[in-house]
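This report looks at backbone conformation, the packing of one helix and the nonpolar cores. The structure under discussion is shown below.

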Amino acid sequence: MPFEVDDLAAQAGVSVEILERLSSNLPAGAGQLYAQRIYRKKHGGVREVFKPKPPFDAVSKNLHRSFTNLFSYEAPDHVHGFVRGRSTISNASQHLAKKCVLRMDLEDFFPSISAATIKASLQEQGYEGKALDCAVNLVTIGGKLPIGLSTSPLLSNLAFLSTDHSLAEYAQSEGLSFTRYVDDLAFSGDVTDHHSAAISRILDDAGWSVNTRKTAFMRRGSPQYVTGLYVGESDGPRIPRKVKRKMRWILHVISKLGYDTYMAEFGGEDEGMHRRRLLGWACYIAAVEPEVGFPLLREFDALVPEWDEEDLGDLC
């Protein structure tokens, strides 16, 4: 079923007039329609993150909901990022106690997806003419898929779909387990340099770049991590020991000296370890290792003030 401008406006939750105005103003909308932040990467380069402002934020969220309901996209079994019911935990669980784990990372994943690629993807979903042009303008910034818009995660999966199929077919033919979590690719089994080279060719032929600095072979007997979780045991993924040690240390400091002292004198404020973040970490640990995480969660909940400066700031 083809979608026209009236359909796109209804999906965005605004009038056609507002839709067209946003679409035409977005390229020069920095400051008015969205905020832009630039972060320096650890190993060089920068990452641009965009935060939409009203009314663009509501339009982006509405389009995301509409796209999710309308698109024919079905995530392949190996895709765990931005898929309901899947997570870093389900992703890591596919690589437990394997002879070798190969981790590969894609370079500048979101920004490497061009407006032309998104246009082709949206055209396949039924958008055409003016509706297609408006939709592309509303989901890309500077001719690229931006980090920060609600629509970007689904569209990135859609743009990578054909490559997903190619990689999955290759992994199956070689007897390897394969998962993808956003731009993090993991292959496990009897993995060799031959496989790494072949996978790189598949990605290169499809127009993707491998971040070679993050390519790693992790063999049995040495630390094996997938999406931040240890996968060297067969009974399930584990939280890295250094993370558990740090959380226990934070809990010890707070229990002995108090939350305010921890925040002011032991690095809590510098690391942004406010109540919400502490409880979030404890919840994540509980999801992976309940016997470790739930005691942490209960103690943090009892010891950390219900409202701290960050929480109060969110309410203002």
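## Backbone conformation in the loops

V182 is found in the loop that runs between strand β4 (177–181) and strand β5 (184–189) of what is a predicted model. Although V182 is not a glycine, its phi is positive, at about 60°. With a relative accessibility of 11%, V182 falls under the 20% limit and therefore counts as buried.

A97 also has a positive phi, near 50°, and is likewise a residue other than glycine. The loop that holds A97 lies between helix α4 (88–92) and strand β3 (100–105). Its relative accessible area is 27%, so A97 is classed as partly exposed. Such values deserve a note because most residues other than glycine have a negative phi, just as most peptide bonds are trans.

A departure of the second kind is found at P54 and P55, which are joined by a cis peptide bond with omega at about 0°. P55 is part of the loop that connects strand β2 (46–52) with helix α3.

## The two sides of helix α2

Which residues of helix α2, spanning residues 16–25, are buried? They are L19, L22 and S23. These residues lie on the same side of α2, because the arc they cover around the axis is only 100°. The general geometry fits this pattern: an α-helix has 3.6 residues a turn, so residues three or four places apart point the same way.

On the face of α2 that is turned away from the buried side, the exposed residues are E17 and S24. The buried residues of α2 are covered by elements that include α1 (5–12), α3 (56–70) and α6 (129–139).

## The nonpolar cores

The largest nonpolar core comprises 60 residues, and within this core the residues with the most contacts are L122, Y127, F187 and L203. Helix α6 supplies the largest share of this core, contributing 7 residues. Helix α6 thus appears in two roles, since α6 is also among the elements that cover the buried residues of α2.

For F187, the contacts can be listed once neighbours within four places in sequence are left aside. The partners of F187 are then H95, C100, V101, L102, M104, L167, A171, S177, F178 and I199.

Separate from the largest core, a second core of 28 residues is present, and its members include L251, I254, M273 and F300.

Note on methods
Residues are numbered from 1 along each chain as its sequence is written. This is a predicted model: local features need pLDDT of at least 70, side-chain atom pairs count only at pLDDT 80 or more; totals for chains, interfaces and linings use all residues. Side-chain values use heavy atoms; hydrogens and water are left out. Buried means under 20% relative accessible area, exposed over 50%, partly exposed in between (1.4 Å probe, protein chains only). Helices (H or I, at least four residues) and strands (E, at least two) are DSSP runs, numbered from the N terminus. The arc is that of the directions from the helix axis to the C-beta atoms. Contact means heavy atoms within 4.5 Å. A nonpolar core is a set of buried Ala, Val, Leu, Ile, Met, Phe, Trp, Tyr and Cys residues joined through side-chain atoms within 4.5 Å.
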